[in-house]
Amino acid sequence: MKIATFNINNVNKRLQNLLDWLAKSEPDVVCLQEIKAEQGAFPAQALGALGYHAVWQGERSWNGVAILARHHDPVLTRSSLPGNSEDRQARYIEAAVNGVLIASIYLPNGNPQPGPKFNYKLAWLERLIAHVAELMAAGVPAVLAGDYNVVPAVQDIYQTRSLDDNALIQPESRQAFARLLAQGWTDALRKLHPDGPLWTFWDYKRERWPADKGMRLDHFLLSPKISERLVDGGVNRWVRGEENASDHAPAWIELDL
């Protein structure tokens with residue numbers, strides 16, 4: 001099973017980019033983030049023409065997450081993260097595909113920090129930690145994929161001091177990510193590639209893509225049973241260089257199930 005995660009940064013604006021990548025790389029499951037489309041505007045028909053069935057949680061103009069499965073109907077198990085019934089932001093969706101629980105996650109950015117947006121990010125992380133602890137305790141075979149908006153370590157960002165105040169690299173953000181790993185989740189891409197950069201995001205500003213000044217924001221966290229099945233993974237960097245590209249590139253893993 002080939003599973004990918006891709007912050008598409010507006011699914012309708014970049015639909016052709018998405019379709020071209022799907023046709024070329026043929027993932028079995030895709031977690032999308034920042035679809036930026038209200039519920040009725042998701043391009044299910046165009047994706048269905050390529051054999052992808054979908055569940056999604058849209059939000060007008062902002063956020064939005066989806067799970068696509070090739071030649072399978074993903075079985076929706078959750079369309080929001082528990083822990084705050086008043087939170088309406090579309091940032092979490094969960095579905096079962098072929099006996100594996102898949103989550104597509106779009107964690108809050110948290111900038112500017114300090115401030116309310118950073119507080120929301122940390123509170124959201126606490127809710128995520130609590131929810132996936134239950135999955136871990138139940139022994140659920142799970143893949144938590146998405147844009148975590150956390151740079152886990154120094155090796156996951158190009159050398160710079162200009163982002164020292166950025167919410168993505170704050171100690172609190174990194175500590176929360178480390179607490180997820182401490183539950184027993186495996187950071188799949190770092191397990192496969194223990195050394196060197198694995199950029200998945202290059203800002204549109206200041207020529208970051210041509211200069212290859214990137215960071216690793218998109219992650220797969222695997223439950224123990226799934227981690228044992230991990231055989232390959234990487235980043236489709238070429239997608240970031242296409243015309244009309246998202247500022248993220250798709251990341252992917254392969255599981256021998």
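This report describes a six-stranded sheet, two helices that lie across it, and the surroundings of serine 79 in a predicted model.

## The sheet

The sheet is open and has six strands, which follow one another in the order β5-β6-β7-β8-β10-β9 with mixed pairing. Its edge strands are β5 and β9, the latter covering residues 186-187, and each of these pairs on one side only.

Strands of a sheet pair through backbone hydrogen bonds, in either a parallel or an antiparallel sense. Between β5 and β6 the pairing is antiparallel and extends over three bridges, and within this arrangement valine 75 stands opposite alanine 96 of β6.

## Helices across the strands

Helix α3, made up of residues 116-137, lies across β5, β6, β7 (100-106) and β8 (142-147), and runs at about 20 degrees to β6. Helix α4, made up of residues 171-182, lies across β9 and β10 (218-222), and in this case the angle to β10 is about 25 degrees.

## Serine 79

Serine 79 belongs to the loop between β5, residues 75-78, and β6, residues 92-97. Its C-alpha atom is separated by 8.0 Å from that of alanine 90, a residue 11 positions apart from serine 79 along the chain.

When residues up to four places away in sequence are not counted, serine 79 touches Gln57, Tyr92 and Ile93. The relative accessible area of serine 79 is 32%, and because the partly exposed class lies between the 20% limit for buried and the 50% limit for exposed, serine 79 is classed as partly exposed.

Notes:
Residues numbered from 1 in each chain as written. Predicted model: local features only at pLDDT ≥ 70, side-chain atom pairs only at ≥ 80, totals over all residues. Heavy atoms only, no water. Helix = DSSP H or I, 4+ residues; strand = E, 2+ residues; numbered from the N terminus. Buried < 20%, exposed > 50% of the residue type's maximum accessible area, 1.4 Å probe, protein only. Contact = heavy atoms within 4.5 Å. Pairing = 2+ DSSP bridges. Axes fitted to C-alpha atoms, helices over the stretch in contact; angles between N-to-C directions.
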